[in-house]
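Got the viewer open and a selection box ready? Let's walk through this one stop by stop, picking residues as we go.

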Amino acid sequence: RAHLLRAVARPLCLVLVFVAAASSTGDKIPLGAIFEQGTDEVQSAFKFAMLTHNQNVTGRRFELQAYVDVINTADAFKLSRLICNQFSRGVFSMLGAVSPDSFDTLHSYSNTFQMPFVTPWFPEKVLAPSSGFLDYAISMRPDYHQAIIDTVRYYGWKRIIYLYDSHDGLLRLQQIYQSLKPGVETFQVEMVKRIQNASEAIDFLHSLEDISSYRWSNKYVVLDCPTEMAKEVVVTHVRDITLGKRTYHYLLSGLIMDDRWESEVIEYGAINITGFRIVESSRRYVKDFLEGWRRLDPNTSQGA
């Protein structure tokens, strides 16, 4: 989940104004925020976004007041008391980054009491309410399996290799299968492998090199894993003299291109890599926010 924390920390802060703008009554709008321990980066982005907005006295139409709770439990009873405390404060909306177990409880309360709950990501496949009513939980991370399909079609790849490391990756693979049209599709998922680390990914690619029909053919690898693992796979691949470079093209499935890819690491430029981004870092608002966030002292602002 670490790569998601980094990928969504920035877009989480950008949505705050839109959430608060849903109400125009009063000068101070209360928001509830629930985070789990270990989400320091997301919490830091949230707090800095709140501070930046509230200090902009001339530009803002209202002030945001956040009630932040940091939890370390998925116990439904304890979470219920915490959520009720948030409701009693009169919050207009709730935000947070929590585990799958905690999310289930928050999701249920959100729909039952029609309280919007904005989260950077849905931890797993989330079903719409069985009643057919509106789902009040909102995920900021887009469902990008269609982007994978469109990219593969755009490049004209006929066969792809899918490597993933988590249940979320398996769900995306299932969504890809469900979106393909049997008999008329332009490509097929030829090989699938679940990996636990970069070494397993490299070992699997070595096994392909041992197959004569694959040795010199182009190989298109969809890599669905955290940022650090993806970096390690790329660097290890480039440094391995027994693996081809020109015959491989990686498509990074997640939003990990939003993370920092060090320009001084020459291996990143030695092999074909395609990926997705959600943060438009060239926009003035985003650049100003990121620059201000970088200037925070990590000793006093944990997670900055």
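## Stop 1: the nonpolar cores

Start by selecting Leu163, Leu205, Leu223, Val233 and Tyr250: these have the most contacts inside the largest nonpolar core, a set of 28 residues. Bear in mind as you click around that this is a predicted model. To see where that core comes from, colour strand E6 (159-164), helix H8 (198-209), strand E8 (219-224), helix H10 (227-239) and strand E9 (248-252); each of them supplies at least two of its residues. As general background, nonpolar side chains tend to be buried together in soluble globular proteins.

Now centre on Leu163. What is Leu163 in contact with, once its neighbours within four places in sequence are left aside? You should find Lys193, Ile195, Ala201 and Phe204, plus the run Val221, Val222, Leu223 and Asp224.

Next, select Tyr144, Tyr164, Val189 and Leu251. They are among the 18 residues of another core, which lies apart from the 28-residue one.

## Stop 2: H4 against H5

Two packed helices are described by the angle between their axes and the distance between the axes. Select residues 76-88 for helix H4 and 100-112 for helix H5: their axes are 10 Å apart and the packing angle is about 45°. With that angle falling outside the 65 to 115 range for roughly perpendicular, H4 counts as oblique to H5. The crossing of the pair is right-handed.

Show side chains for the contact. On the H4 side, pick Ala76, Leu79, Ser80, Ile83, Cys84 and Phe87; on the H5 side, pick Ser102, Thr105, Leu106 and Tyr109. Sorted by class, that contact has 7 nonpolar and 3 polar residues, with no charged ones.

While you're on H4, click Leu82, which also sits in this helix. Is Leu82 buried or exposed? Its relative accessible area is 15%, so Leu82 is buried. Beyond its neighbours within four places in sequence, Leu82 is in contact with Ile34, Asp69 and Ile71. Try a distance label between the C-alpha atoms of Leu82 and Ile71: you'll get 9.2 Å for two residues 11 apart along the chain.

## Stop 3: past the end of H5

Follow the chain out of H5 into the loop that leads to strand E4 (117-119), and stop at Gln114. Check the backbone here: phi of Gln114 is near 55°, a positive value in a residue other than glycine. For context, most residues other than glycine have a negative phi. Gln114 has 53% relative accessibility, so this residue counts as exposed.

## Stop 4: H3 against H11

Select residues 40-55 for helix H3 and 284-294 for helix H11. Here the axes come within 11 Å and cross at roughly 115°, which makes H3 roughly perpendicular to H11. This crossing is right-handed.

For the contact, show Glu41, Ser44, Ala45, Phe48 and Ala49 from H3, then Phe289, Gly292 and Trp293 from H11. The classes here come to 5 nonpolar, 2 polar and 1 charged.

## Last stop: zoom out

Finish with the whole chain in cartoon view, where there are 11 helices and 10 strands to pick out. Colour by accessibility and 49% of the 304 residues count as buried. If you draw a contact map, take the contacts with a separation of 6 or more: 69% of them join residues 24 or more positions apart.

Conventions:
Residues are numbered from 1 along each chain as its sequence is written. This is a predicted model: local features need pLDDT of at least 70, side-chain atom pairs count only at pLDDT 80 or more; totals for chains, interfaces and linings use all residues. Side-chain values use heavy atoms; hydrogens and water are left out. Axes are lines fitted to C-alpha atoms, for helices over the stretch in contact, and angles run from 0 to 180 degrees between N-to-C directions. Helices (H or I, at least four residues) and strands (E, at least two) are DSSP runs, numbered from the N terminus. Angles under 35 degrees count as roughly parallel, over 145 as roughly antiparallel, 65 to 115 as roughly perpendicular and the rest as oblique. A crossing is left-handed if the near helix is turned anticlockwise from the far one by less than a right angle, and right-handed if clockwise. Contact means heavy atoms within 4.5 Å. Ala, Val, Leu, Ile, Met, Phe, Trp, Tyr, Cys and Pro count as nonpolar, Asp, Glu, Lys and Arg as charged, and the others, Gly among them, as polar. A nonpolar core is a set of buried Ala, Val, Leu, Ile, Met, Phe, Trp, Tyr and Cys residues joined through side-chain atoms within 4.5 Å. Buried means under 20% relative accessible area, exposed over 50%, partly exposed in between (1.4 Å probe, protein chains only).
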